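User: Please take a close look at the side-chain contacts and the metal site in this model. Explain the terms with their cut-offs as you go.

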Amino acid sequence: MRVAQLGSGTPKIAVVAGIHGDEPCGVRAVERLLDERPTVNRPVKLVVANEAALERRVRFIDEDLNRTFPGDPDAETHEGQLAAALVSELEGCLTFSMHSTQSHADPFAIVNGVSETATDIVPQLPVAAMVETSNFAEGRLFSAVDTVEVECGLQGSETAAQNADRLTRAFLTAVGALPGDTVDRELPVYRLTDVIRKQQADTYEVFVENFTPVEAGAPFAAADGDEQVADERFYPVLMSSNGYRDVFGYAAEKLDVIETTTAAD
Ligand SMILES: [Zn+2]
């Protein structure tokens, strides 16, 4: 784990990259901040998490770090120990953690609950949606640390790296670390309701677009040509043919739209 800081004092804000070693976009954003060293109005901790996995360009060494929190200093796995070290490093910090996917190009935010922090910060980020994943929080960073996660785009793409940079700056502006204003946007909110499993197969297909509703009775994916059909209407989230080993992704319901706040007088 690499830890650095912008500004002086004890940071209450942290930016974390490289929870997954095959998602380099966030690391680029952190490195750019370290190169440019912008003047900050409050201190910011910068963390590159799983350096060993990043070096090997793999998601993890022993187990998925974002399913391992809070971890244990005496854990037998690299990620188990790293999770515990990260939790103590990030204690007391509102944390911004960057990821990328194989499923969706447009950035969106993932939160563990529609909290005041989430509804304040996330609409100020250049994201298309907010996804609430409290039903599936176990082992994730935000089960242990107050965290806003963002999916920056497609894994390994230049666009994801540029998005990571924009998202980080918007986050740091929203929390008052960088000067300037952010734009508040209307944001649909989704809640994950189910895991969509996939059976062992040689080829996988996904027929639907993330965040676009799938009607009951519609085929949405196939394993070796064997179609899976929706029992009821759902919104697919993080769905991809080969993004995860044993799941296609998640089913979600649409909760709400966060409206932009207009000044009342
Ligand atoms: Zn990730």
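Analyst: The metal site comes before the ring contacts below.

This is a predicted model, in which local features need pLDDT of at least 70 and side-chain atom pairs count only at pLDDT 80 or more, while totals for chains, interfaces and linings use all residues. Residues are numbered from 1 along each chain as its sequence is written, and side-chain values use heavy atoms, with hydrogens and water left out.

The zinc ion has as protein donors H20 (ND1), E23 (OE), E23 (OE) and H99 (ND1), at 2.0 to 2.4 Å. Donors are N, O and S atoms within 2.8 Å of the metal (3.2 Å for Na, K and Ca); water is not among the atoms, so sites may look incomplete. The donor residues follow the spacing H-x2-E-x75-H. H20 lies in the loop between strand 2 (13–17) and helix 1 (25–36), and H99 in strand 4 (residues 94–101), so the pair ties together parts that are 79 residues apart in sequence. Helices (H or I, at least four residues) and strands (E, at least two) are DSSP runs, numbered from the N terminus. H20 is buried at 3% relative accessible area, and H99 is buried at 3%. Buried means under 20% relative accessible area, exposed over 50%, and partly exposed in between (1.4 Å probe, protein chains only).

The angles between the four donor atoms run from 57 to 153°, which makes the arrangement irregular. Four donors count as tetrahedral if all angles lie between 85 and 135 degrees; four count as square planar and six as octahedral if opposite donors are over 155 degrees apart and all others between 65 and 115; anything else is irregular.

Turning to the rings, the count comes to seven aromatic pairs. Rings of Phe, Tyr and Trp (its six-membered ring) pair if their centres lie within 6.5 Å; planes under 30 degrees apart count as stacked, over 60 as edge-to-face and the rest as tilted. Y190 and F211 form a tilted pair, with 5.0 Å between centres and 55° between planes. Y190 is in strand 8 (residues 187–197) and F211 in the loop between strand 9 (204–206) and strand 10 (219–223), 21 residues apart. Both Y190 and F211 are buried. F220 and F234 pair edge-to-face, at 5.2 Å and 85°. F220 lies in strand 10 and F234 in the loop between strand 11 (226–229) and strand 12 (235–237), so this pair joins parts 14 residues apart in sequence. Ring pairs also link F108, Y190, F211 and Y235 into a cluster.
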